[in-house]
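Please look over the sequence and the model below before reading on. The paragraphs after it go from the overall layout to single residues.

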Amino acid sequence: MRRIRVIGIGPGDPDQVTLEAIAAMHSVAYFVVAEKADDDQLLAARQALLARHVPDAKVIAVRDPERDRADPADYQGAVTDWHEARAEAYERVILDHPGDVGFLVWGDPAFYDSTIRIVERILARGQVEAEWDVIPGISSLQLLAARHRIVLHEIGQPILVTTGRKLREAVDAGADNILVMLSARLDLDGLEDWQIWWGANLGTEHEALVAGRIGDVLGELNESRDAVKLAAGWVMDAYLLRR
Ligand SMILES: C[S@@+](CC[C@H](N)C(=O)[O-])C[C@H]1O[C@@H](n2cnc3c(N)ncnc32)[C@H](O)[C@@H]1O
């Protein structure tokens, strides 16, 4: 039976791809990769990574269906429709191209990535018959911790992982050790006395790090974020906040 392999490729540095992931990359006939726009920077980053580890890789780029952003109140509904549209688009490619299929997932597939859900949808549609597996990758959260040389939680204490959109909810609920991903911008008002360990474009040539009391480093944070975006053309940041 053919195989679908969901492969974590780490957060950007070709050195941070595991041996297991490289073996999995060599085992598939082709990769299906979402293309978000004409100048999709992450597509270019994935291609650089493939050039290093699987130079003869066959990549099929699939233009990402548009997500309906008209009704912000129905975020969940819009994402579900978008996942179904992606599943349909990938299903078409998989049916047209025989052999084992690889999906390359930024970081680790278990953190804020929907590839696993989309593969489940493809299989639930009933047209594609395949076994599937998941190869873990190094997450940007792990790289953030390593770069700052920190443990993400205090001894025996919990940690909450959330999105920029849900940060306020976490603070209001009393969480005091929060990892934040997917921030469209930095909104840290009222958190001046918290500590932050911030990293942008980790593992890439434009990597930037800032740490300290938020009230003291806010200017530096905003400047660094803008500078990375200008230099790289994109910015992805993750940070730990501690009360
Ligand atoms: C769609 S999520 C994917 C997370 C990914 N699965 C992981 O394990 O890192 C994208 C978010 O991950 C974080 N991220 C991914 N790569 C990053 C990098 N190289 N540097 C900093 N943050 C990164 C950012 O918070 C970004 O908004």
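What follows treats the domains, then a surface patch, and then two backbone angles.

This is a predicted model, in which local features need pLDDT of at least 70 and side-chain atom pairs count only at pLDDT 80 or more, while totals for chains, interfaces and linings use all residues. Residues are numbered from 1 along each chain as its sequence is written, and side-chain values use heavy atoms, with hydrogens and water left out.

The chain is divided into domain 1 (3-135) and domain 2 (140-242), with bounds that come from an automatic or database domain assignment. Ten residues from domain 1 and 16 residues from domain 2 take part in the contact, where contact means heavy atoms within 4.5 Å. The C-alpha centres of the two domains lie 26 Å apart.

A nonpolar surface patch of about 300 Å² is formed by Phe111, Tyr112 and Leu182; such patches are made of residues with over 30% relative accessible area and no salt bridge (a side-chain nitrogen of Lys or Arg within 4 Å of a carboxyl oxygen of Asp or Glu), like charges being joined within 9 Å and nonpolar side chains (Val, Leu, Ile, Met, Phe, Trp, Tyr) within 5 Å. Accessible areas come from the Shrake-Rupley method with a 1.4 Å probe, and for residues only the protein chains shown count as cover.

Leu182 is exposed, with a relative accessible area of 55%, whereas Tyr112 is partly exposed at 42% (buried means under 20%, exposed over 50%, partly exposed in between, with a 1.4 Å probe and protein chains only). Tyr112 also has a positive phi, near 45 degrees, in a residue other than glycine. Arg149, likewise not a glycine, has a positive phi of about 55 degrees, and Arg149 is exposed, with a relative accessible area of 77%.
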